[in-house]
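Colleague: Could you take a close look at one part of this model for me, and then walk me through what else goes with it? I'd like plain words and the cut-offs behind them.

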Amino acid sequence: MPMSGSFLAKAAVLLSSIVAAQGCGLLPPSAADVETAHWNWPCEALGPIPGPEDIALDQGNGIAYVSSTDRLAVDGRAKPVAADGSPGRIYRIDLKADPPKVDDVTPAADGRDFLPQGIDLLDDGMERRLFVVNRRQARDGGICGGGGEVQILSVPTDASPMRRVKTIRDGRLTDPNDVVAVGGDAFYATNSTDAGSCIGQTLGILFARTGGRVLYHGSDGFHNVAGPIEHANGIAADRTARRLFAGSTIDGRIHSYEWKGEGPAQPDGRPPVAVGMHADNLFRMSDGSLLVAAHPSLLRFFLYARGMVDTAATRVLHITPGADGRQTVREIFADDGTRLSAGSSAVLYENGDGSRRRLLIGAVHADHLLVCKGDGRERP
C-alpha cells in the first residue's frame with residue numbers, strides 16, 4: 001500500500017528526533033554572545049486567536065494586524081475555532097484601547113483556501129495594503145508540502161473587512177514563509193525549502209539542507225536574491241536605508257542586504273549576526289534595531305507542534321548596532337512555554353512620546369498572543 005504524505009512526514013519527524021541527537025539540523029546553532037537584559041513587563045493573553053503566526057504593525061495609528069491560521073483544525077486535530085469553519089483569519093488589534101480591541105477583518109472567505117502566514121503592511125501615502133503569504137493545502141489536507149502564494153489586500157482605515165487586490169503565484173514558491181513589501185507590487189519573500197513535498201521539506205530541515213532562498217518579485221517577475229539560506233524564515237526591510245534582513249532558522253544567523261535603483265537587493269558585505277538560537281520572524285524598529293523571535297530548541301518546537309510535548313520555550317532577542325559596527329544581541333524576553341509556547345513573532349508599539357509601549361508576541365501553534373505592557377517614558 002502506498003504510504004501517505006502525512007505518514008511519511010510523521011515518520012520523518014520521529015527519525016529527526018533520533019538523528020538530531022547526532023548533530024544534524026535540529027540541534028541548536030553555534031553559540032553567540034547573547035546578553036540577558038529582560039524587560040520584565042507584565043504580560044496578558046489576548047485571544048482566542050488560533051495560530052497567530054505573524055504580526056504587522058501600523059506604528060503611527062497604533063494598529064497591529066495578525067495572521068491567524070487554525071492549524072489544529074487544518075490538520076484535523078480539533079474543531080475550527082471560527083463559527084463558519086474557516087481556518088484562516090486576519091485580525092486587527094487597536095493598541096490604543098485598554099484592553100486592546102480585536103476585530104476580524106478577514107477578506108471575503110475563500111473557505112479552506114485562505115491560510116495566512118507571514119505578513120507585511122505597506123503604506124505609500126495613497127493606499128495601505130497588506131502583503132500576505134497564503135499557504136495552500138497539500139493533497140492530504142495539511143499545510144506541509146502544499147506550497148503557496150502572495151496575496152495583496154487593500155486595508156481600510158476602519159475595522160471593516162479587507163479586500164483582495166492581487167494574487168501572485170510562482171512555481172518557485174514551494175515553501176513560502178515570510179514577505180516584506182518595498183513599494184508598488186514589489187516585495188521580497190523567503191522560501192524556506194526548495195522541496196515540493198512534505199517529506200522532502202522535513203528531511204531538508206533534519207539534515208540542514210533545505211535550499212532555502214530569498215526571492216524578489218518586481219515588474220518582470222521573480223528573481224533569486226540569495227541562497228541557499230538553510231530554512232530561510234523571517235524577513236524585514238529598512239525602506240529608508242534600503243536594507244534588507246533575512247533570518248535562517250537552521251543556523252540562527254541574520255543576513256543583511258542592500259538594494260540600489262529598482263533591481264533586487266545584493267549582499268551588503270557585512271558578516272551575518274549569529275543569535276545562537278533558531279531565528280523565526282524579524283521586526284525592524286524605528287531606531288534601526290531588530291527584534292527576533294527565536295526558538296532555543298528546534299527539536300522541542302517540532303515535538304510541541306505535533307502534540308508530543310505540552311510546551312516549548314519562547315525567546316525574543318533585540319539586535320542593536322554599535323558605534324564600531326558590531327551588533328549586540330540581547331535576550332529581552334524568555335518564557336518556558338507556560339505563558340506562550342514556541343513564540344514566532346514579536347513587534348513593539350510605542351506611542352508618540354514613548355510613554356505607552358506594547359510588546360506583542362505571536363506563536364504559530366498557540367490559541368492566543370501575549371501583550372506585554374511597558375508604560376513610562378524611560379526606555380528599557
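Where is the place of proline 99?

Modeller: Proline 99 sits in the loop between strand 5 and strand 6 (101-104). Helices (H or I, at least four residues) and strands (E, at least two) are DSSP runs, numbered from the N terminus. Before going on, a word on the ground rules: this is a predicted model, where local features need pLDDT of at least 70 and side-chain atom pairs count only at pLDDT 80 or more, while totals for chains, interfaces and linings use all residues. Residues are numbered from 1 along each chain as its sequence is written, and side-chain values use heavy atoms, with hydrogens and water left out.

Back to your proline. The peptide bond that leads into proline 99 from aspartate 98 is cis, with omega near 5 degrees. Another cis bond joins glycine 47 to proline 48, where omega is about 5 degrees. Proline 48 is in the loop between strand 2 and strand 3.

Strand 5 (88-94) also borders a loop on its other side: helix 2 (71-74) and strand 5 have aspartate 84 between them. Aspartate 84 counts as partly exposed because its relative accessibility is 49%; buried means under 20% relative accessible area, exposed over 50%, and partly exposed in between (1.4 Å probe, protein chains only). From C-alpha to C-alpha, aspartate 84 is 9.6 Å from alanine 109 in space, with their positions 25 residues apart in sequence.

Strand 2 brings us to the disulfides. There are two of them in the structure, a disulfide being a pair of cysteine sulfur atoms within 2.5 Å. Cysteine 43 is bonded to cysteine 372, with the sulfur atoms 2.0 Å apart. Because cysteine 43 belongs to strand 2 (residues 43-46) and cysteine 372 to strand 26 (residues 369-373), this pair ties together parts that are 329 residues apart in sequence. The torsion about the S-S bond of cysteine 43 and cysteine 372 is about 105 degrees, so this disulfide is right-handed. Cysteine 43 and cysteine 372 are both buried.

The other disulfide is between cysteine 144 and cysteine 198, whose sulfur atoms are 2.1 Å apart. Here the pair ties together parts that are 54 residues apart in sequence, because cysteine 144 is in the loop between strand 8 (128-135) and strand 9 (148-154), and cysteine 198 is in helix 3. The S-S torsion of cysteine 144 and cysteine 198 is about 105 degrees, so this disulfide is right-handed too. Cysteine 144 is partly exposed, with a relative accessible area of 27%, whereas cysteine 198 is buried at 12%. Number the bonded cysteines of the chain in sequence order and you get the pairing 1-4, 2-3.

Stay with helix 3 (residues 198-206) for a moment. Its buried residues are Cys198, Gln201, Thr202, Gly204, Ile205 and Leu206. Just after helix 3, alanine 208 takes a positive phi of about 55 degrees. Histidine 231 is not a glycine, yet has a positive phi of about 50 degrees; its place is the loop between strand 14 (221-226) and strand 15. Histidine 231 counts as buried, at 12% relative accessibility. Arginine 242 is likewise no glycine and has a positive phi of about 55 degrees. You'll find arginine 242 in the loop between strand 15 and strand 16 (243-248), partly exposed with a relative accessible area of 30%.

Now the rings. The structure holds six aromatic pairs. Rings of Phe, Tyr and Trp (its six-membered ring) pair if their centres lie within 6.5 Å; planes under 30 degrees apart count as stacked, over 60 as edge-to-face and the rest as tilted. Tryptophan 39 and tryptophan 41 have ring centres 4.8 Å apart and planes at 35 degrees, so they make a tilted pair. Both tryptophan 39 and tryptophan 41 are buried. Tyrosine 188 and tryptophan 259 are tilted as well, because their planes meet at 45 degrees, with the ring centres 5.7 Å apart. Tyrosine 188 is in strand 12 (residues 186-191) and tryptophan 259 in the loop between strand 17 (253-258) and strand 18 (266-267), so the pair ties together parts 71 residues apart in sequence. Tyrosine 188 and tryptophan 259 are buried. Finally, ring pairs link Phe131, Phe187 and Phe222 into a cluster.
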